[in-house]
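Here is a friendly round of questions and answers about how some labels are earned. Have a look at the picture, then read on.

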Amino acid sequence: MNKKQIVNKLSRIGIGGNILLSIFKLLAGILGHSGAMVSDAVHSLSDVFATLVAWIGTVLSEKHPDSDHPYGHERFECVASMILGGLLAVTGAGIGYAGLQNVLNGAYKELQIPTLLPLAAAGISIAVKEAMYHYTMYYAKKLNSDVFKADAWHHRSDALSSVGSFVGIAAARFGFPIMDSIASIVICIFILKVAYDVFKDALDKMIDKSCDSAFTQSVHDFIADQNGVLRIDLLQTRLFGSKVYMDVEISAAGESSLVQAHEIAEQVHHGIEKNFPQVKHVMVHVNPYLEG
């Protein structure tokens with residue numbers, strides 16, 4: 001499958017699976033008297049919009065460069081990821097607010113004890129959403145797609161929220177009905193943490209943050225091993241969506257002809273782009289290396 005086919009497949013499975021799961025959990029929560037399960041259903045429903053945003057962002061990022069966007073459209077992935085982070089934050093805050101209201105009201109005896117139905121629904125949700133996390137993350141890494149990695153974490157946050165639902169519902173059935181609402185607050189914390197991580201990662205890639213030291217060092221070592229490179233004077237990297245741009249200055253023998261210096265630069269340039277697929281473009285400048 002090519003990238004477009006994989007993206008479409010991931011989107012269909014994510015949207016279809018989450019619609020079915022959210023309907024199932026919503027019915028289980030309403031019929032089984034569980035606020036935590038209703039909150040969990042809302043979270044699953046937000047995953048539908050999250051996957052839709054991920055799909056749109058990926059499609060837009062694949063557009064070819066044009067006169068208005070000569071460097072391409074990769075940052076659309078960052079925009080999509082930031083929207084995903086915002087959706088997660090709003091969803092988490094809403095779930096936490098509803099649970100906190102129940103806790104602060106103090107009318108614990110008036111809370112209904114959930115039935116076995118939402119407990120079973122929570123168990124099924126944990127298994128399904130964890131499977132969707134691994135499935136989506138596998139292809140996200142294959143595509144080197146940050147927005148689908150964010151979508152995968154959205155699936156896992158839903159699995160974690162279902163764990164909170166399961167514990168809260170089980171405790172409520174053992175005579176502690178307030179635990180169902182406390183579970184909603186725990187779910188909120190999980191979701192807000194994921195929202196922060198997703199948003200921060202996207203923001204870093206919007207503001208030309210440099211690559212991590214391990215990646216930079218591996219590129220440095222590769223350049224140093226190339227024939228004709230006597231010294232590395234500069235190595236700068238910047239994230240551009242899921243891609244990397246790079247500026248390199250190397251020193252070659254001062255007596256080299258222009259043709260020889262150009263060949264060394266081309267060797268470094270093509271070598272980096274071939275061996276580091278995430279690098280979209282590298283600019284190589286050659287300085288004369290003069291003894292003494």
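Q: What makes rings of Phe, Tyr and Trp a pair?
A: Their centres must lie within 6.5 Å. In this predicted model, a search of the whole structure finds five aromatic pairs, and Tyr135, Tyr138 and Tyr139 form one aromatic cluster.

Q: Why is the pair of tyrosine 135 and tyrosine 139 called edge-to-face?
A: The ring centres are 5.2 Å apart, and the planes meet at 70°. Planes over 60 degrees apart count as edge-to-face, so this pair earns the name. Both tyrosines lie in helix 4, four residues apart, about one turn of the helix.

Q: Why does tyrosine 135 count as partly exposed, and what makes tyrosine 139 buried?
A: Buried means under 20% relative accessible area, and exposed means over 50%. Tyrosine 135, at 27%, falls in between, so it is partly exposed. Tyrosine 139 has 13%, so it is buried.

Q: How do you know that the buried residues of helix 7 line one face?
A: These residues are Phe215, Val219, Phe222 and Ile223. Seen down the helix axis, they fall within an arc of 100°, so they line one face. The face turned away from the buried side carries the exposed residues Ser213 and Ala214.

Q: What makes aspartate 212 a cap for helix 7?
A: A side-chain oxygen of aspartate 212 lies 3.1 Å from the backbone nitrogen of alanine 214. A polar contact needs N or O atoms within 3.5 Å, so aspartate 212 caps the N-terminal end of helix 7.

Terms used:
Residues are numbered from 1 along each chain as its sequence is written. This is a predicted model: local features need pLDDT of at least 70, side-chain atom pairs count only at pLDDT 80 or more; totals for chains, interfaces and linings use all residues. Side-chain values use heavy atoms; hydrogens and water are left out. Buried means under 20% relative accessible area, exposed over 50%, partly exposed in between (1.4 Å probe, protein chains only). Helices (H or I, at least four residues) and strands (E, at least two) are DSSP runs, numbered from the N terminus. The arc is that of the directions from the helix axis to the C-beta atoms. A polar contact is a pair of N or O atoms within 3.5 Å; within protein, one must be able to donate a hydrogen and the other to accept it, and residues adjacent in sequence count only if both atoms are side-chain atoms. Rings of Phe, Tyr and Trp (its six-membered ring) pair if their centres lie within 6.5 Å; planes under 30 degrees apart count as stacked, over 60 as edge-to-face and the rest as tilted.
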